[in-house]
Amino acid sequence: GNVCSGNDAAGLARSQRVADAGAIEAIVAAMRAHPQEEDVQEQGCRALRNVCAGNDAAALVREQRAADAGAIEVSVAAMQAHP
């Protein structure tokens with residue numbers, strides 16, 4: 001299941017815990033390490049979406065953290081490699 005699900009306080013707190021544990025950087029690293037693995041790329045994009053989702057200030061910080069980690073570039077590369 002998706003531990004980051006929910007836009008309620010509990011869901012947002014779980015998303016923050018996941019980010020604080022280093023998941024964003026781990027996801028980006030996995031996507032970089034396995035660019036030809038379609039499943040890794042697809043699930044990586046989904047995981048990034050889930051961990052960055054939210055409507056609070058912390059979500060904006062998670063989105064910036066993902067961008068700083070290279071999430072935009074690996075997501076675009078994934079879409080180009082696996083249309």
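1. Buried residues. A residue counts as buried when its relative accessible area is under 20%. With that cut-off, 31% of the 83 residues of the chain are buried. Keep in mind that this is a predicted model.

2. Overall fold. The chain has 5 helices and 0 strands. Follow the sequence and the pattern reads α-α-α-α-α.

3. Size. The C-alpha trace spans about 35 × 25 × 20 Å along its principal axes. The radius of gyration of the chain is 12 Å. A compact globule with 83 residues would have a value near 12 Å, so the two agree.

4. Contacts along the sequence. Take the contacts in the chain with a separation of 6 or more. Of these, 61% join residues 24 or more positions apart.

5. Surface and charge. About 5000 Å² of the chain is exposed. Carbon and sulfur atoms supply 56% of that area. The side chains include 7 positive and 11 negative ones. The centres of these two sets lie 6 Å apart.

6. Ile-24. Which helix holds Ile-24? The residue sits in helix H2, which covers residues 23–33. Its relative accessible area is 0%, so Ile-24 is buried. Leave out residues up to four places away in sequence, and look at what Ile-24 touches. The list is Ala-19, Leu-48, Val-51, Arg-62, Arg-65, Ala-66 and Ala-69.

7. Ala-23 and Ala-26. Ala-23 is found in helix H2, and so is Ala-26. Are they buried or exposed? Ala-23 has a relative accessible area of 19% and is therefore buried. Ala-26 has 47%, so this residue is partly exposed. Two C-alpha distances help to place them. Ala-23 and Ala-66 are 43 residues apart in sequence, and 9.7 Å apart in space. Ala-26 and Gly-44 are 18 residues apart in sequence, with 9.6 Å between their C-alpha atoms.

8. Ser-75. This residue belongs to helix H5. With a relative accessible area of 17%, Ser-75 counts as buried. What lies 2.8 Å from a polar atom of the Ser-75 side chain? The backbone oxygen of Ala-71 does. Setting aside neighbours within four places in sequence, Ser-75 is in contact with Met-31, Cys-45 and Leu-48. Leu-48 also appears in the list for Ile-24.

9. His-82. Now look past helix H5, which covers residues 71–81. His-82 lies in the segment after that helix. Why does His-82 count as buried? Its relative accessibility is 19%, and the cut-off for buried is under 20%. The side chain of His-82 reaches the backbone oxygen of Pro-35 at 3.0 Å. Pro-35 is also among the residues that His-82 touches, when those up to four places away in sequence are not counted. The others are Gln-36, Glu-37, Glu-38 and Gln-41.

10. From His-82 to helix H2. How many Å separate the C-alpha atoms of Ile-24 and His-82? The separation is 21 Å, and the two residues are 58 residues apart along the chain. Glu-25 gives a second reading. His-82 and Glu-25 are 57 residues apart in sequence, and their C-alpha atoms are 21 Å apart.

11. To check in the viewer. Start with Ile-24 in helix H2 and find its contacts, including Arg-62 and Arg-65. Then go to Ser-75 in helix H5 and find Met-31 and Cys-45, which are among its contacts. End at His-82, in the segment after helix H5, and trace its side chain to the backbone oxygen of Pro-35.

Key:
Residues numbered from 1 in each chain as written. Predicted model: local features only at pLDDT ≥ 70, side-chain atom pairs only at ≥ 80, totals over all residues. Heavy atoms only, no water. Helix = DSSP H or I, 4+ residues; strand = E, 2+ residues; numbered from the N terminus. Rg over C-alpha atoms; globule rule 2.2 N^0.38 Å. Buried < 20%, exposed > 50% of the residue type's maximum accessible area, 1.4 Å probe, protein only. Contact = heavy atoms within 4.5 Å. Areas by Shrake-Rupley, 256 points an atom, 1.4 Å probe, with all protein chains shown as cover. Lys, Arg positive; Asp, Glu negative; His and termini not counted. Charge placed at Lys NZ, Arg CZ, Asp CG, Glu CD. Polar contact = N/O pair within 3.5 Å; in protein donor to acceptor, adjacent residues only side chain to side chain.
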